[in-house]
Amino acid sequence: MSDRAWAATRKGLFELRRVGALWRVERVSFLGEPVTMLLAPQADGRMLAALNLGHFGVKLHASDDAGVHWREVSVPTYPPQPDGATGPAWKLVQVWSLAMGAAGRVWAGTLPGGLFWSDDFGSQWSLCEALWQQPGRSEWFGGGYDVPGIHSLCPHAQRPGTLLLGISSGGAWETTDDGRSWQQRSRGMRATYMPPERAEDPDVQDPHLIVRCPSQPAVLWCQHHNGIWRSTDGGQQWVEVTTAPLSSFGFTVAVHPQDPDCAWFVPAQADEKRVPVGAALVVNRTRDGGRSFETLSSGLPQSHCYDLVYRHGLAVDADGRQLLMGSTTGSLWASSDGGEHWSTVAAHLPPVFALRFG
Amino acid sequence: MPTVHFTPQLRRFVDAPSVQTSAGHLRAALEDAFAGNPRLRGYVLDDQGHLRANVVVFVDGERSQDRQALVQALAPASQVHVLQALSGG
């Protein structure tokens with residue numbers, strides 16, 4: 001059970017420590033700056049934090065000692081944009097996802113839709129040209145931002161060259177050869193925000209977040225703009241899960257690291273309001289692969305609560321028991337029993353962008 | 001010689017002392033500043049070498065309208081100020 005976690009927020013990176021049953025803020029780095037994503041410390045203490053400075057652009061910082069000291073490193077940079085290139089400008093808007101792949105390779109998903117990798121922990125970054133040059137990329141569009149973005153990076157623990165990613169709004173894509181070629185993996189998803197004849201177009205799907213079960217990597221869960229989907233074959237086919245109580249709209253999902261049938265969602269009132277249903281915050285949990293759900297609310301505010309939990313605002317620890325959940329209005333809750341009960345860690349943090357154990 | 005001054009706000013992130021230059025236009029003057037301070041480039045220019053959306057340049061008190069080519073001519077005594085644009089409230 002981890003005793004350390006991280007909250008990337010609108011106003012800095014917060015290191016959280018658990019003492020007994022209580023989490024508290026141990027350290028704040030980059031106070032005042034938006035931290036859009038982090039890569040939690042590796043076994044050797046190295047970690048990354050992605051900043052989005054309001055005036056001066058996106059920056060990446062690396063630490064060799066688990067967040068005590070930081071130094072600025074290179075940031076993914078788009079190549080010169082050819083004359084006449086359509087679509088969004090080839091300019092880095094945000095680092096929206098970071099993941100450690102095989103052999104020390106770090107993957108970075110960005111707005112406006114480029115995937116980058118670094119084999120030296122951020123000293124140098126390369127654009128994954130094979131994905132960037134996909135003809136279908138011209139069909140991608142923004143979901144939550146003005147430009148498309150890669151928010152989900154799902155390496156495959158047993159197949160080093162395999163990575164599945166999710167794009168708002170550009171569907172799901174998979175490489176099995178370390179990024180040299182890509183296949184669409186959105187089959188089964190459905191987009192009601194499109195004309196009916198294009199509802200199943202894989203290039204226009206808006207998966208809000210995709211997560212992979214580490215111990216059974218063929219199982220993936222997706223909180224999509226139009227509902228909940230699950231795949232048991234590595235994303236070849238997605239099957240809609242329609243049994244979630246209250247609402248199947250939301251932004252986030254977490255999967256139990258050892259139990260692929262167990263996943264957590266935070267429902268919200270679709271689509272225009274985007275607040276907890278009935279202004280009462282709950283977590284929906286399935287333990288049978290989506291055949292049924294329990295709605296968990298113990299310890300969570302049940303009246304006049306307008307907290308929204310964004311894509312990366314729900315984290316599950318390696319034990320599958322400990323959870324953290326942070327909201328757009330700066331509330332942070334913890335559970336040590338798989339979401340059965342929650343306790344408030346902080347009520348006045350900056351808006352929470354991402355939570356990570358480690 | 002033209003002089004390029006950078007907003008003190010940048011000092012939170014990167015050294016940005018004023019730089020004297022013999023450059024005849026804006027981009028060359030900025031390049032002179034970046035030559036001794038490579039990290040500064042990414043704070044002022046974006047991936048395509050354009051002025052960042054929320055950075056503004058004044059040349060001798062006039063806001064530079066050219067945000068991409070940056071070929072505005074400088075006089076020998078020009079004063080260039082690289083500032084953060086005010087946005088929001």
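This is a guided tour of a predicted model, moving from the interface between its chains to sheets, empty spaces and backbone details.

**The interface**

Display chains A and B together. Contact between them involves 18 residues of chain B and 17 residues of chain A. About 1,400 Å² of area is buried between the two chains, and carbon and sulfur atoms give 49% of that area. Next, select B:Tyr43, B:Asp47 and B:Gln48. These residues supply 42% of the area that chain B buries against chain A, more than any other three residues.

**The sheet of chain B**

Hide chain A and colour the strands of chain B. An open sheet of five strands appears, ordered E2-E1-E5-E3-E4, with mixed pairing. Strand E2 (19-20) and strand E4 (62-63) of chain B are at the edges; each has a single partner strand, so one side of each is left without a neighbour in the sheet.

Centre the view on residues 3-6 of chain B, which form strand E1. E1(B) and E2(B) run antiparallel and are joined by two bridges. For a specific pair, select B:Thr3, which is opposite B:Gln20 in E2(B).

Now add helix H1, residues 26-35 of chain B. The helix H1(B) lies across E1, E2, strand E3 (55-59) and strand E5 (79-84) of chain B, and it runs at about 65° to E1(B).

**A four-stranded sheet in chain A**

Return to chain A and select E3, E2, E1 and E28, which in that order make an open sheet of four strands with antiparallel pairing. Strand E3 (22-29) and E28 of chain A are the edge strands, each pairing on one side only. From one strand to the next, the twist averages 25°.

Within this sheet, inspect strand E2 (residues 12-19) of chain A beside E3(A): the two pair in the antiparallel sense over seven bridges. Selecting A:Arg18 leads to its bridge partner in E3(A), A:Trp23.

**The largest pocket**

Which residues should be selected to find the centre of the largest pocket? Of the 47 residues in its lining, A:Leu153, A:Pro155, A:Arg212, A:Pro214 and A:Arg356 lie nearest the centre. The space in this pocket is about 1,200 Å³.

Several strands of chain A give two or more residues each to the lining of the largest pocket. They can be selected in turn:

- strand E4 (35-39) and strand E8 (94-100) of chain A
- strand E12 (149-155) and strand E16 (207-212) of chain A
- strand E20 (253-255), strand E24 (314-316) and strand E28 (352-357) of chain A

E12(A) gives the most to this lining, with five residues. Colouring the lining of the largest pocket by class shows 29 nonpolar, twelve polar and six charged residues.

**An enclosed cavity**

The structure holds one cavity of 30 Å³ or more. The volume of the largest cavity is about 30 Å³. To surround it in the viewer, select A:Gly250, A:Phe251, A:Val266, A:Pro267, A:Ala268, A:Pro276, A:Leu281, A:Asp307, A:Leu308 and A:Val309, which line the largest cavity. By class, that lining has eight nonpolar residues, one polar and one charged.

**Backbone details in chain A**

Why do the last stops merit a look? Most peptide bonds are trans, and most residues other than glycine have a negative phi.

Select A:Leu111 and A:Pro112, which are joined by a cis peptide bond with omega of about 15°. A:Pro112 is in the loop between strand E9 (106-111) and strand E10 (115-118) of chain A.

Proceed to A:Ser168 and A:Ser169, where a cis peptide bond has omega of about 0°. A:Ser169 is in the loop between strand E13 (163-168) and strand E14 (171-175) of chain A.

Finish at A:Phe30, a residue other than glycine whose phi is positive, near 60°. A:Phe30 is in the loop between E3 and E4 of chain A.

Technical notes
Residues are numbered from 1 along each chain as its sequence is written. Chains are lettered from A and ligands numbered from 1 in the order in which they are written. This is a predicted model: local features need pLDDT of at least 70, side-chain atom pairs count only at pLDDT 80 or more; totals for chains, interfaces and linings use all residues. Side-chain values use heavy atoms; hydrogens and water are left out. On a 1 Å grid over the protein atoms alone, a cavity is a set of points where a 1.4 Å probe fits but cannot get out, and a pocket is an open set with protein on both sides within 12 Å along at least five of seven lines; lining residues have an atom within 4 Å of a point. Grid points are joined across faces, edges and corners, and a volume is the space filled by probe spheres set on the points. Ala, Val, Leu, Ile, Met, Phe, Trp, Tyr, Cys and Pro count as nonpolar, Asp, Glu, Lys and Arg as charged, and the others, Gly among them, as polar. Two strands pair if DSSP finds at least two bridges between them. Axes are lines fitted to C-alpha atoms, for helices over the stretch in contact, and angles run from 0 to 180 degrees between N-to-C directions. Contact means heavy atoms within 4.5 Å. Buried area is the accessible area (1.4 Å probe) that two parts lose on being put together, summed over both.
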